[in-house]
Amino acid sequence: MLHETKKRKIGRNDPCPCGSGLKYKKCCMNKPRSNMDRVDVKRMYAEKYRIRLKDAQDVEGIRRAGRLVVDTLDLAERHIKPGIKTDDINKLVHDFTVKHGATPAPLNYRGYPKSVCVSVNEVICHGIPSDRVLKDGDIVNVDVTSILNGYYADASKTFFVGKAGADAKKIVVVARGSLKVGLRQVRPGNTIGDIGWAIQQYAEGEGCSVVREFVGHGVGFDFHEPPQVPHYGRKGEGVPLVPGMVFTIEPMINLGRKDLYVLDDNWTAVTEDGSLSAQFEQTVLVTDTGYESLTPYEL
Ligand code: MF3
Ligand code: CO
Ligand code: CO
């Protein structure tokens with residue numbers, strides 16, 4: 001077939017290609033070129049990748065949910081000390097979230113029984129709050145997702161309980177660094193694969209391993225949306241990043257081997273070799289020039 005080079009010109013009275021249902025002359029014809037480009041990209045990403053790009057109003061909604069998530073993590077941090085139960089963190093997170101007019105997304109999500117994930121030491125993720133008592137030297141990840149006015153934001157941090165040993169310090173430094181190097185790749189023109197590539201290079205270079213079974217994800221209108229964001233991979237592979245994409249980066253990094261198994265509760269993922277695992281997660285927006293964290297905290 002002959003390569004098509006000529007683009008048919010859109011008539012003034014044709015339906016606008018942006019899909020508004022208005023005539024072209026009443027819609028995008030006199031708007032700046034970038035406006036139509038954006039609309040085209042939005043449609044293309046929806047059709048090709050099932051990715052729902054966010055507009056300014058959506059972003060403001062997710063940003064507000066994200067501020068609440070960060071405040072919730074700060075609250076948890078202030079209460080974490082030897083002697084508290086992981087269920088105490090669940091109650092704090094649940095009550096604080098509801099008090100601020102939001103809903104804890106984990107509660108009843110695919111049968112998950114609590115309002116937050118609390119993952120101690122060799123638990124990689126999805127630890128279910130219980131009577132387990134935190135003790136001096138533990139590390140604990142608290143993963144909070146809140147729904148505020150219909151918008152989701154998702155973030156987590158790993159905290160020290162009391163005084164940290166050398167292994168605890170090491171894995172927390174590398175997990176935090178992994179999120180940092182991943183974030184540095186987020187800008188239009190880069191791809192999803194660039195993020196995973198940077199994380200894997202860094203974490204493995206530090207002698208640690210990257211979990212494969214759990215990945216970052218689109219977020220905002222729902223808890224887990226396309227695309228998936230692996231924390232390993234190859235430069236230049238995967239979906240090209242464009243402004244308006246909102247997704248999490250949440251590398252789970254093990255001190256030993258990357259292998260895991262899931263406990264009989266069907267949620268708790270633990271390292272197969274019993275080594276420590278740590279994680280940091282933020283929800284990020286791709287902007288015209290780079291990224292904005294919608295769950296901003298200092299890394
Ligand atoms: N917050 C987790 C994530 O980062 C998902 C937890 S699902 C739950 O994607 F059901 F365990 F809450
Ligand atoms: Co997440
Ligand atoms: Co999360």
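## Basis of the description

Donors are N, O and S atoms within 2.8 Å of the metal; water is not among the atoms, so sites may look incomplete. The model described here is predicted.

## The cobalt ion (ligand 3)

On the protein side, the cobalt ion (ligand 3) is held by Asp143 (OD), Asp143 (OD), Asp154 (OD) and Glu281 (OE), at distances of 2.1 to 2.4 Å. Asp143 thus appears twice in the list of donors. Along the chain, the donors follow the spacing D-x10-D-x126-E. The pair of Asp143, in strand E4 (residues 139-148), and Asp154, in strand E5 (residues 151-160), links distant parts of the chain, 11 residues apart.

The arrangement around the cobalt ion (ligand 3) is irregular, because its six donor atoms subtend angles of 58 to 167°. An octahedral assignment for six donors would require opposite donors over 155 degrees apart and all others between 65 and 115. Asp143 counts as buried, with a relative accessibility of 11%. Asp154 is buried as well, its relative accessible area being 2%.

## The cobalt ion (ligand 2) and the shared aspartate

The cobalt ion (ligand 2) is coordinated by Asp154 (OD), His217 (NE2), Glu250 (OE) and Glu281 (OE), with distances of 2.0 to 2.2 Å. The spacing of these donors along the chain is D-x62-H-x32-E-x30-E. Glu250 is located in the loop between strand E9 (246-249) and strand E10 (252-254), and Glu281 in the loop between strand E13 (277-279) and strand E14 (282-286); the pair therefore ties together parts that are 31 residues apart in sequence. Both Glu250 and Glu281 are buried.

Six donor atoms surround the cobalt ion (ligand 2), and the angles they subtend, 52 to 163°, make the arrangement irregular. The cobalt ion (ligand 2) and the cobalt ion (ligand 3) lie 3.2 Å apart, with Asp154 bridging the two. Glu281 is likewise listed as a donor for the cobalt ion (ligand 2) and for the cobalt ion (ligand 3).

## Two open sheets

One open sheet consists of three strands in the order E6-E10-E13, with antiparallel pairing. Strand E6 (209-210) and E13 stand at its edges; each has a single partner strand, so one side of each is left without a neighbour in the sheet. E10 and E13 run antiparallel and are joined by three bridges. Across this pairing, Ile253 stands opposite Ala278 in E13.

A further open sheet, also of three strands with antiparallel pairing, has the order E3-E12-E11. Its edge strands are strand E3 (123-125) and E11, each of which pairs on one side only. On average, neighbouring strands of this sheet are turned by 40° against each other, direction ignored. Two bridges connect E3 and E12 in the antiparallel sense, and Cys125 has Ala269 in E12 as its bridge partner.

## Aromatic pairs and an aromatic cluster

The structure contains five aromatic pairs. One of them is formed by Tyr112 and Trp267, which are arranged edge-to-face, with 5.0 Å centre to centre and 85° between the planes. Tyr112 belongs to the loop between strand E1 (103-104) and strand E2 (117-120), whereas Trp267 belongs to the loop between strand E11 (260-262) and strand E12 (269-271); the pair therefore ties together parts that are 155 residues apart in sequence. Tyr112 and Trp267 are both buried.

Tyr109, Tyr152 and Phe223 form one aromatic cluster.

## Charges over rings

Two lysines are placed over aromatic rings. The charged end of Lys157 sits over the ring of Tyr297, at 4.6 Å from its centre. Lys235 lies over the face of Trp197, and the distance to the ring centre is 3.9 Å.

## A contact involving helix H4

Val181 is part of helix H4 (residues 166-183). Val181 has a relative accessible area of 13% and is therefore buried, the cut-off for buried being under 20%. Val181 and Tyr202 are separated by 21 residues in sequence, and their C-alpha atoms are 7.6 Å apart in space.

Conventions. Residues are numbered from 1 along each chain as its sequence is written. Chains are lettered from A and ligands numbered from 1 in the order in which they are written. This is a predicted model: local features need pLDDT of at least 70, side-chain atom pairs count only at pLDDT 80 or more; totals for chains, interfaces and linings use all residues. Side-chain values use heavy atoms; hydrogens and water are left out. Rings of Phe, Tyr and Trp (its six-membered ring) pair if their centres lie within 6.5 Å; planes under 30 degrees apart count as stacked, over 60 as edge-to-face and the rest as tilted. Helices (H or I, at least four residues) and strands (E, at least two) are DSSP runs, numbered from the N terminus. Buried means under 20% relative accessible area, exposed over 50%, partly exposed in between (1.4 Å probe, protein chains only). A charge sits over a ring if NZ of Lys or CZ of Arg is within 6 Å of the ring centre and within 35 degrees of the ring normal. Two strands pair if DSSP finds at least two bridges between them. Axes are lines fitted to C-alpha atoms, for helices over the stretch in contact, and angles run from 0 to 180 degrees between N-to-C directions. Four donors count as tetrahedral if all angles lie between 85 and 135 degrees; four count as square planar and six as octahedral if opposite donors are over 155 degrees apart and all others between 65 and 115; anything else is irregular.
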